[in-house]
Amino acid sequence: MARLLAVCGGLGGQAIEGLLVAQMHDRADTSPRYLRFHADFVARFGRAPGYHAVAAHDAVTVLADALVRRKPGETPRQAVLQHGPYQG
């Protein structure tokens, strides 16, 4: 949030005071699953994962999990919808 205000503060002035910005993921997540993903991403790309990297990782993880768990004859779409919820 502070970074957004630093970037946009000069542009929006008082119009953006009190602005709330929603994030899809918790950058301070301490779960072993996220920490492993974060460390692997930094090791490979030399920077922390952003919104798009986390969203893409979650999407591929959901699809892969659904494909492993799907029943014979289920389409990938049906498997994703049938076998959730999924951990992000």
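Which helix do the buried residues of H2 pack against? In this predicted model, the partner turns out to be helix H3 (51-69). The overall setting is simple enough: the protein has four helices and zero strands, giving the pattern α-α-α-α along the sequence. Of its 88 residues, 12% count as buried. The exposed surface comes to about 6900 Å², with 59% of it supplied by carbon and sulfur atoms. Among contacts with a separation of 6 or more, 21% link residues 24 or more positions apart.

Back to H2 itself. The buried residues here are Tyr 34, Phe 37 and Phe 41. Viewed down the helix axis, these buried residues fall within an arc of 65°, so they line one face of H2. The face turned away from that buried side carries Pro 32, Arg 36, Asp 40 and Ala 43, which are exposed. As for length, the 14 residues of H2 should span 20 Å at 1.5 Å a residue, and the end C-alpha atoms are indeed 20 Å apart. Just after the helix comes Gly 46, with a positive phi near 75°.

On the other side of H2, the loop that connects helix H1 (2-12) to helix H2 (32-45) holds Asp 29. With a relative accessibility of 25%, Asp 29 counts as partly exposed. A polar atom of the Asp 29 side chain sits 2.8 Å from the backbone nitrogen of Ser 31. Setting aside neighbours within four places in sequence, Asp 29 also touches Tyr 34 and Leu 35; Tyr 34 is one of the buried residues of H2.

Terms used:
Residues are numbered from 1 along each chain as its sequence is written. This is a predicted model: local features need pLDDT of at least 70, side-chain atom pairs count only at pLDDT 80 or more; totals for chains, interfaces and linings use all residues. Side-chain values use heavy atoms; hydrogens and water are left out. Helices (H or I, at least four residues) and strands (E, at least two) are DSSP runs, numbered from the N terminus. Buried means under 20% relative accessible area, exposed over 50%, partly exposed in between (1.4 Å probe, protein chains only). Contact means heavy atoms within 4.5 Å. Accessible areas come from the Shrake-Rupley method with a 1.4 Å probe; for residues, only the protein chains shown count as cover. A polar contact is a pair of N or O atoms within 3.5 Å; within protein, one must be able to donate a hydrogen and the other to accept it, and residues adjacent in sequence count only if both atoms are side-chain atoms. The expected span of a helix is 1.5 Å times one less than its number of residues. The arc is that of the directions from the helix axis to the C-beta atoms.
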